[in-house]
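Hello,

Here is the structure I said I would pass on. My notes on it follow below.

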Protein chains: 2
Amino acid sequence: MTVGVRHDDLRRRNRALVLTALRAANQRSRTEIANLTGLSNSTISAITSSMIEEGVLVELKGNDNGLARRGRPQVALALNPTLASVVAVTLTLNHVSAVLIDYAGEAVDEEVQDLATQELEGQALIEAVIGCVRRVLTRQRENGYHPSRIALAVQGITSSDSSSMLWSPITPDENTRFAPALAAAFGVPATVENDCNMITVALKWREPARYRKDFFAVMLSDGIGMGLMVKGELFSGTHSSGGEFGHMIHIPDGALCRCGKHGCIEAYAGNYALIRTARGGSEEDVPGAVVSQVEIQKLADAARASDGPERAAFLKAGRAIGFGLGSLFAVFDPAPVAIVGPGALAFDILEQPIRDAIARTAGGKHSAAISFETEPNEMPLIRLGCAMTALTKVDAEIIVPGLTTEKVLKGRKVA
Amino acid sequence: MTVGVRHDDLRRRNRALVLTALRAANQRSRTEIANLTGLSNSTISAITSSMIEEGVLVELKGNDNGLARRGRPQVALALNPTLASVVAVTLTLNHVSAVLIDYAGEAVDEEVQDLATQELEGQALIEAVIGCVRRVLTRQRENGYHPSRIALAVQGITSSDSSSMLWSPITPDENTRFAPALAAAFGVPATVENDCNMITVALKWREPARYRKDFFAVMLSDGIGMGLMVKGELFSGTHSSGGEFGHMIHIPDGALCRCGKHGCIEAYAGNYALIRTARGGSEEDVPGAVVSQVEIQKLADAARASDGPERAAFLKAGRAIGFGLGSLFAVFDPAPVAIVGPGALAFDILEQPIRDAIARTAGGKHSAAISFETEPNEMPLIRLGCAMTALTKVDAEIIVPGLTTEKVLKGRKVA
DNA sequence: AAGCTTTTTTTCGAGCTTCGAAAAAAATAA
DNA sequence: TTATTTTTTTCGAAGCTCGAAAAAAAGCTT
């Protein structure tokens, strides 16, 4: 049973509303916030003045935004960038990057590093990630940054409590407990999230007009990932990160998938599957090493040039994705789809077979109306999603009324 | 942006908490409610006393529940059954029923009626439903019942605003706008919901211990339906009732489905598909009239008796359901499954092929651990789900503080 | 440049609500 | 009949939001 609503919950929720309004677009006046939240001017005045005193918000004076109007000018409020900071870490095949981000969401510094992820076992991988974070933090320590949180995005399945990477194609290790290790190394909370889920979160922050309540983000890369936004909330599985679109079954007992099962969508549409099909390999051929993006581009060029085995491979892939989306639409209803990742560069070849397949499913009613947007470069989205996820969690600590900021972020504040 | 929390929202939410506690188990003392909700005794005292004055709750005196303890005895509070009432209507193939239910959730009277649903066009079907409701209400009018709401459950797809039945196998009509018609006929709000969704809601009310946060209800009948409970909430589609498990694709371009597309799970596991397969019909044979349950029972008996075409048909059906569940588990993660409806009587034949198929999918990790419960008789569940859905909506009107009950339920109260 | 107008922001009192403590109520036990 | 125990109500304190009024900070006017 949900717990009763006490009196300070009210203030907490309204503080959260103010913070959310400023996260969506920094620099808003008190009047704008009042209109946005539906709260009265007096309430906003009370809330913001205590938040300014706490150091959460700052007044941006002397920014006249050009048009001079009659009357007392609005004073823009903004998140205090020096209040706190977070680190957004991204672990992908052969690469790890760590970005230090201030409380207002601006990137401060970044550390990128190559890494033979496929050859690193659990502990070594964890230490490589820790090392990357440590480097950027050491560099910025003199500027007084002590992050409040670390958010790690990985390719693969993560646990629903955001503590572990349960499985990933980039390493042989299973159930890698990144979060406790990072938390221990830096003395702050850490989380591990699925990369596609972070992309989905990011799309909503970046383009709230287009990606609002319901949409799917399909990541086409070596594997096939998905993030789902359902009724305005990130849809994650009940135990894991969920949304394993790539492992829905396309053909029962069909082609061998990287996961060891047969007939998954990925076994037709993943990069390795494209190569396998185009080269006339057997569907039982064990998926080999990760395919370079250059190779896929060559494959796509060949498919565009002539109606050979390459084009057939893309048709087969599109068909698998399309039928999968059709099945998904049967359960969730049709919604806009964002095609993210390197595969988006070949979407011109994929779109028609995808649409054809969707049209052959019951879930694909009005398939022509379904919109597809492409976004080949997924890294900025993953980082944005990570940053916003971590900052939102910091916000959740800050909104507790009565707690002074010092208590919440003891010693982690910028000097 | 969510609207700000004002002061009376607080009281409203806490009133809702009290009401929910009593709906889950009628007859609780103030002290029990305080412990359950986490609110203080004084708050519960204030809330319940105003609700008693409004006629929402009643004190049940002199019910000593057996054990006599020291101290002032607890006074049981209960929902006032005469405060309001709702009608739960169920429309299935060839039958319509209307049950009058009091505010405490007890059935008062029921009207069941045969109906040639497949031959009735929209308006005639609507009027038949209205007639059934009218009969039970006319009979009970002398007892002072004036329902506050009507909830209709139908087989088929309904709109997400609960106004229309978009498509149903029981009638050729499409987009039948039941809700406005019922609302106009009886002058009270009406809703149309999908039967499987109602079953899912009902399971949670009836067996909260087993069916709590995450589970799937699969309805095996002429068609294949599904209701999904995800994170404690009924999962419905973004535009329609959603959860059209039966129309996820099992075999791309496979057997002809009743929906006109090919390869849906239903085209292998629906009653008509079982008959078609067992009799050696082509997968392109157009699904005929609805199959009688007796016929399916005979088929199941034959399948149990010997390894002939009947058993092969059930194997094929189980395989389709199993692969479908595997795909679903990939997206939602594994969860308990309730097998509801007449098909549950043949679950002994279906279980093994279902489990075998799940084990062949990536989503079916730990497939042996997935629990299946069967419930052949779906009607009581549909009615319970309808009743609770309608009563919960009545509750939502009642919890608004300051509104006296007379204002909310003007003239609809029992005399 | 001084006063007027306009708009934003703060201040102040009223009206809710919840909570804890104390009081009242209603039973059993001695 | 009195003491004990448990539930329920009462009462004052504290916190929050709101509307109205006041204060602040600008441009506009003469």
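Which residues form one aromatic cluster? They are A:Phe216, A:Phe235, A:Phe329 and A:Phe332, together with B:Phe216, B:Phe235, B:Phe329 and B:Phe332. Please keep in mind that this is a predicted model.

Aromatic pairs

Counted over all chains, there are 14 aromatic pairs. In one of them, the ring centres of A:Phe216 and A:Phe332 are 5.8 Å apart and the planes stand at 75°, so this pair is edge-to-face. A:Phe216 belongs to strand E11 (residues 215-220) of chain A and A:Phe332 to helix H10 (residues 309-332) of chain A, so the pair ties together parts that are 116 residues apart in sequence. A:Phe216 and A:Phe332 are both buried.

Another pair, A:Phe347 with A:Phe372, is tilted, with 5.4 Å from centre to centre and 50° between the planes. This pair also links distant parts of the chain: A:Phe347 is in helix H11 (residues 347-359) of chain A, and A:Phe372, 25 residues apart from it, is in strand E15 (residues 372-375) of chain A. Both A:Phe347 and A:Phe372 are buried.

Charges over rings

A:Lys231 lies over the face of B:Phe235, 5.3 Å from the ring centre. Within chain B, B:Arg23 lies over the face of B:Tyr103, at 4.7 Å from the ring centre.

The two protein chains

A turn of 180° with a shift of 0.1 Å along the axis lays chain A on chain B, with an RMSD of 0.1 Å. The two copies are thus related as by a two-fold rotation axis. In chain A, the residue that comes closest to this axis is A:Ile251, with its C-alpha at 3.2 Å.

DNA strand C

There are 26 residues around DNA strand C, and the nearest are A:Arg6, A:Thr31, B:His7, B:Thr43 and B:Arg70. Of the strand C atoms that come within 4 Å of the protein, 70% are sugar and phosphate. Bases are contacted as well: a backbone N or O atom of A:Arg72 lies 2.8 Å from a base oxygen of DNA strand C, and a polar side-chain atom of B:Ser42 lies 3.1 Å from a base oxygen of this strand. Helix H2 (30-37) and H3 of chain A, with helix H1 (7-24) and H3 of chain B, are the elements that give two or more residues to the surface near DNA strand C. H1(B) gives the most, with four residues. By class, this surface divides into four nonpolar, 13 polar and nine charged residues.

DNA strand D

Around DNA strand D there are 27 residues, of which A:Asn14, A:Thr43, B:Arg6, B:Thr31 and B:Ser45 come nearest. Sugar or phosphate makes up 68% of the strand D atoms within 4 Å of the protein, and bases make up the rest. On the phosphate side, an N or O atom in the side chain of A:Arg11 is 2.7 Å from a phosphate oxygen of DNA strand D. A polar side-chain atom of A:Arg70 lies 3.0 Å from a sugar or linking oxygen of the strand. A:Arg72 appears here too, with a backbone N or O atom 3.3 Å from a base nitrogen of DNA strand D. The largest share of the surface near DNA strand D comes from H1(A), which gives four residues. This surface has five nonpolar, 13 polar and nine charged residues.

Regards

Methods:
Residues are numbered from 1 along each chain as its sequence is written. Chains are lettered from A and ligands numbered from 1 in the order in which they are written. This is a predicted model: local features need pLDDT of at least 70, side-chain atom pairs count only at pLDDT 80 or more; totals for chains, interfaces and linings use all residues. Side-chain values use heavy atoms; hydrogens and water are left out. A residue is near a molecule or strand if one of its heavy atoms lies within 4 Å of it. A polar contact is a pair of N or O atoms within 3.5 Å; within protein, one must be able to donate a hydrogen and the other to accept it, and residues adjacent in sequence count only if both atoms are side-chain atoms. Ala, Val, Leu, Ile, Met, Phe, Trp, Tyr, Cys and Pro count as nonpolar, Asp, Glu, Lys and Arg as charged, and the others, Gly among them, as polar. Rings of Phe, Tyr and Trp (its six-membered ring) pair if their centres lie within 6.5 Å; planes under 30 degrees apart count as stacked, over 60 as edge-to-face and the rest as tilted. Buried means under 20% relative accessible area, exposed over 50%, partly exposed in between (1.4 Å probe, protein chains only). A charge sits over a ring if NZ of Lys or CZ of Arg is within 6 Å of the ring centre and within 35 degrees of the ring normal. Copies are superposed by least squares on the C-alpha atoms of residues with pLDDT of at least 70 in both.
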